[in-house]
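User: I'd like a close look at a single part of this model, going strand by strand and then out to whatever packs around it. Could you walk me through it in one go?

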Amino acid sequence: MKVAFTTSGEDLSSPLDARFGRAAKFLVYDLEAGSFVIADNQQNLNAAQGAGIQAAQNVAKLGVEAVVTGHCGPKAFRVLTSAKIKIYNCAAATVAEALIQYRDGKLRQALDADVEGHWA
Amino acid sequence: MIVAIASGKGGTGKTTVAVNLARTLGAGVTLLDCDVEEPNAHLFLKGELSGSEVVSIPVPQVDPKLCDGCGECSRFCAYHALAGLGAAPLIFPELCHGCGGCAKVCPKCAISEAPHRIGVVETLKAGDLTLVQGRLDVGVAMSPPLIRAVKQRIPASGVAILDAPPGTSCPVVATLRGVDYVALVTEPTPFGLHDLTLAVDMVRALGVPFGVVVNRARAGDNCVNDYCGKENIPVLLEIPDDRQVAEVYSQGDLVVDRLPEYRKLFRSLWDKIMSLRALKGA
């Protein structure tokens with residue numbers, strides 16, 4: 001099973017990006033293999049609108065079953081939910097810490113968007 | 001003759017200039033309030049509502065029986081109003097610009113369009129003036145289609161004055177496109193000048209002739225006049241920094257009604273615009 005973490009960096013020690021739609025990258029971690037790849041989300045950084053929707057479509061294509069991020073807005077939440085991807089809000093500083101919290105079952109699945117649209 | 005009153009910076013006096021110019025010119029003039037997010041010309045030109053029409057934009061609806069989930073529609077939409085995930089796409093009407101492209105690119109003809117209400121256009125009779133204003137519905141983010149609906153009420157002949165929204169983004173461009181002349185209202189301060197230069201870049205890109213109105217003249221420094229001189233931009237009018245004007249405005253009254261000496265000032269603005277138009281046309 002694969003999990004996407006929002007990040008601005010390239011490895012596990014990189015910061016967990018609090019934003020979903022406008023995160024620069026996704027670190028896609030394969031729990032079985034214990035390895036990861038980096039997926040780009042740059043096209044959304046300067047999107048005038050719909051960044052969350054596009055980002056949600058991007059991660060759906062990566063075949064992940066869960067997303068761990070700081071916050072998730074209503075439109076991204078709708079797309080992710082429709083793609084049957086679970087969303088976990090997390091305040092960890094780095095992707096590595098977020099991964100540990102996820103593995104240890106310390107993160108609770110979000111049942112709704114936790115911020116308004118256009119949260120900056 | 002269509003003249004738009006615009007500005008880069010908000011609060012410089014667009015509406016003050018628009019309503020007082022309209023009143024000075026008098027009978028037969030149509031004032032169109034294109035600041036549909038917060039129309040305010042009606043506070044000064046009090047009139048009776050004579051008509052109200054609902055404005056909608058066409059948004060996609062998908063027939064799930066015809067859709068094979070190919071995703072062409074969501075790839076086409078620059079505004080992410082459709083999200084395709086291998087099944088019938090999710091639709092976000094609030095992001096749709098109503099272009100109809102998704103329906104055109106759908107290979108299965110599974111997309112039709114349904115109206116999505118964004119606001120109303122109201123017509124008011126204010127004495128011998130006609131006031132047309134758009135009112136964007138609460139929660140709607142996209143004003144240009146409503147602004148275009150307001151502009152469809154520009155009379156075929158006669159004088160139309162457009163009160164533009166502030167700034168330099170899409171709503172302002174939608175307002176200024178196709179007008180005959182733009183008066184940019186500013187105040188003589190560094191803030192006013194900064195945003196004026198942005199507005200000048202915008203109207204130059206649109207190719208519309210323009211001039212500057214300095215409101216609250218002498219309240220700040222000489223930076224705006226220096227800039228206009230350097231850039232060869234005509235200063236159409238300087239409205240003095242007069243406490244009486246502010247008092248009349250704060251009471252929702254027209255300056256030219258309460259302080260008749262201002263009539264000739266607004267008349268001179270119109271004459272100047274006309275003479276500059278005549279020069280350009282020659």
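Analyst: Let's start in the middle of the chain B sheet. In this predicted model, S2(B) and S7(B) run parallel and are joined by 4 bridges. One residue to click on here is B:Leu31, whose bridge partner in S7(B) is B:Leu131. Now look to the other side of the strand: S2(B) also runs parallel to S8(B), again through 4 bridges, and there B:Leu31 stands opposite B:Ile161.

B:Leu31 is worth a longer stop. Setting aside neighbours within four places in sequence, its contacts include B:Leu129, B:Leu131, B:Ile161 and B:Asp163. The list also takes in B:Ala18, B:Val19, B:Ala22, B:Ala41 and B:Leu45. Zoom out a bit and B:Leu31 turns up again in the largest nonpolar core, a set of 119 residues. Along with A:Phe5 and B:Ala183, B:Leu31 is among the residues with the most contacts inside that core.

Stepping on from S8(B), the next neighbour is S1 (residues 2–6) of chain B, which runs parallel to S8 (residues 160–163) and is held to it by 4 bridges. If you want a landmark for that pair, B:Ala4 stands opposite B:Leu162.

Now for the whole sheet. It is an open one of 9 strands with mixed pairing, and the order reads S3-S6-S7-S2-S8-S1-S9-S10-S11 in chain B. S3 (48–62) and S11 (235–240) stand at the edges with a single partner strand each, so one side of each has no neighbour in the sheet. From one strand to the next, the twist averages 20 degrees.

What packs on it? Helix H4 (residues 144–151) of chain B does, touching S2 (30–33), S3, S6 (111–126) and S7 (129–136), with its direction at about 165 degrees to that of S7(B). Elsewhere on the sheet, helix H6 (residues 190–206) of chain B lies across S1, S9 (181–186) and S10 (210–217), and runs at about 165 degrees to S9(B).

H6(B) has a helix partner too. Its axis and that of H7 (residues 223–231) of chain B come within 9 Å and cross at roughly 30 degrees, which makes the two helices roughly parallel. From H6(B), the contact uses B:Pro190, B:Gly192, B:Leu193 and B:Leu196, while H7(B) brings B:Cys223, B:Val224 and B:Tyr227. By class, the residues of this contact split into 6 nonpolar and 1 polar, with no charged ones.

Over in chain A there's another sheet to look at. This open sheet has 5 strands in the order S3-S2-S1-S4-S5, and its pairing is mixed. Its edges are S3 (35–40) and S5 (86–89) of chain A; each has a single partner strand, so one side of each is left without a neighbour in the sheet. The twist here averages 25 degrees from strand to strand. Within it, S1 (residues 2–7) and S2 (residues 25–30) of chain A pair in the antiparallel sense over 6 bridges, with A:Thr6 opposite A:Phe26.

Last, the place where the chains touch. Chain A puts 12 residues into the contact and chain B puts in 8. On the chain A side, helices H1 (51–61) and H2 (74–82) each supply at least two residues, and H1(A) gives the most, with 5. That side of chain A has 5 nonpolar, 5 polar and 2 charged residues.

Conventions
Residues numbered from 1 in each chain as written. Chains lettered and ligands numbered in written order. Predicted model: local features only at pLDDT ≥ 70, side-chain atom pairs only at ≥ 80, totals over all residues. Pairing = 2+ DSSP bridges. Axes fitted to C-alpha atoms, helices over the stretch in contact; angles between N-to-C directions. Contact = placed C-beta atoms within 7 Å. Core = buried A, V, L, I, M, F, W, Y, C linked by C-beta atoms within 7 Å. Buried ≥ 20, exposed ≤ 12 C-beta atoms within 10 Å, placed from the backbone. Nonpolar A, V, L, I, M, F, W, Y, C, P; charged D, E, K, R; others polar. Parallel < 35°, antiparallel > 145°, perpendicular 65-115°, else oblique.
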